[in-house]
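Thanks for coming. I will take a few minutes on one model, starting with a single residue and then widening the view.

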Amino acid sequence: EGGGFTWEQLTGTFKNTATNSPDHIDNCDGSQALWLFALPEVALFQDESSTAAFAAKFEVGKAYQLTVGVIGGGGGMAPEVTLELSLYYRDAASNRVTVAATAITNSLDRFPTNTHFIDFTVSVPTVQAGDAWAGQNLGIRLLSTVSTNLEGGYWDLDNVQLSSFM
């Protein structure tokens, strides 16, 4: 929380409109998706500290991929507003340590419509025994990295998928 907002004012879910509506998102996974305000440091994350049900670990011999459907430009968002998708672990002091991240920059070229999610991916190559993250709990973070001079608008997010490969 910050900047005069509570966490429930900074992110939430929305119901997709009817299929015959002009603002219907044609590839929404199910009937609802997520929005996240483009304000500095607004984020959603999930790791073992946020819910015991999410106990994924970076396993030696496996590679990881996070895919998220994204729509930018909502609510009058300016060009050059940024969002970061990342995979991380927590160190002994519980600090997030980023293993891999993908930066997304809002532009009309990248997001020509507000009715179709574009998939973005974060990849971690095969985990080696000597990697600092080997055996550590895995975390996912969707983070608004916008600067204060460009803040405003919102991102739509959907179909967050974490996969591992041998």
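**From one valine outwards**

Let me start with valine 70, which sits in strand β4, residues 63-74. Keep in mind throughout that this is a predicted model.

Is valine 70 buried or exposed? Its relative accessible area is 0%, and the cut-off for buried is under 20%, so valine 70 counts as buried.

What does valine 70 touch, once neighbours within four places in sequence are set aside? The contacts are Leu83, Ile104, Phe111, His116, Phe117, Ile118, Phe120, Trp155, Asp156 and Leu157. Take histidine 116 from that list: in sequence it is 46 residues from valine 70, and the C-alpha to C-alpha distance is 8.4 Å.

Three other names on the list, Phe111, Phe120 and Trp155, are worth holding on to. Ring pairs join these three into a cluster.

Now the rings. Searching the whole structure gives four aromatic pairs. One of them is phenylalanine 111 with phenylalanine 120, a tilted pair with 5.9 Å between centres and 50 degrees between planes. Both of these phenylalanines are buried. Phenylalanine 111 also pairs with tryptophan 155, this time edge-to-face, at 6.0 Å centre to centre and 75 degrees between the planes. That pair links distant parts of the chain, 44 residues apart: phenylalanine 111 is in the loop between β6 (96-105) and β7 (118-124), while tryptophan 155 belongs to strand β9, residues 154-165.

As for accessibility, phenylalanine 111 has a relative accessible area of 5% and is therefore buried. Tryptophan 155 is at 0%, so it counts as buried too.

Next, a second residue, isoleucine 140. Its place is in strand β8, residues 139-144. With a relative accessibility of 10%, isoleucine 140 counts as buried.

Which residues does isoleucine 140 touch, not counting those up to four places away in sequence? They are Leu44, Phe45, Gln46, Phe54, Leu66, Ser86, Leu87, Tyr88 and Leu162. Phenylalanine 45 is 95 residues away along the chain, yet the two C-alpha atoms are separated by 5.4 Å.

Now the whole chain. How many helices and strands does it have? There is one helix, and there are nine strands. In sequence order the pattern is α-β-β-β-β-β-β-β-β-β, with the helix ahead of the strands.

The sequence separations I have been quoting can be set beside a figure for the whole chain. If we take contacts between residues at least 6 apart in sequence, 75% of them join residues at least 24 apart.

On overall dimensions, a compact globule of 166 residues would have a radius of gyration near 15 Å, and the chain has 17 Å, which agrees. Along the principal axes, the C-alpha atoms fill a box of roughly 50 × 35 × 30 Å.

Of the 166 residues, 39% are buried. The chain exposes about 8700 Å², and carbon and sulfur atoms supply 51% of that area.

Last, charges. What is the count of positive and negative side chains? The chain has 7 positive and 18 negative, and the centres of the two sets lie 8 Å apart.

To close, back to the starting point: valine 70 is buried in the model, and its contacts include the three members of the ring cluster, Phe111, Phe120 and Trp155. That is all from me.

Key. Residues are numbered from 1 along each chain as its sequence is written. This is a predicted model: local features need pLDDT of at least 70, side-chain atom pairs count only at pLDDT 80 or more; totals for chains, interfaces and linings use all residues. Side-chain values use heavy atoms; hydrogens and water are left out. Helices (H or I, at least four residues) and strands (E, at least two) are DSSP runs, numbered from the N terminus. The radius of gyration is taken over C-alpha atoms; the globule rule is 2.2 Å times the number of residues to the power 0.38. Buried means under 20% relative accessible area, exposed over 50%, partly exposed in between (1.4 Å probe, protein chains only). Contact means heavy atoms within 4.5 Å. Accessible areas come from the Shrake-Rupley method with a 1.4 Å probe; for residues, only the protein chains shown count as cover. Lys and Arg count as positive and Asp and Glu as negative; His and the chain ends are not counted. The place of a charge is taken as NZ of Lys, CZ of Arg, CG of Asp or CD of Glu. Rings of Phe, Tyr and Trp (its six-membered ring) pair if their centres lie within 6.5 Å; planes under 30 degrees apart count as stacked, over 60 as edge-to-face and the rest as tilted.
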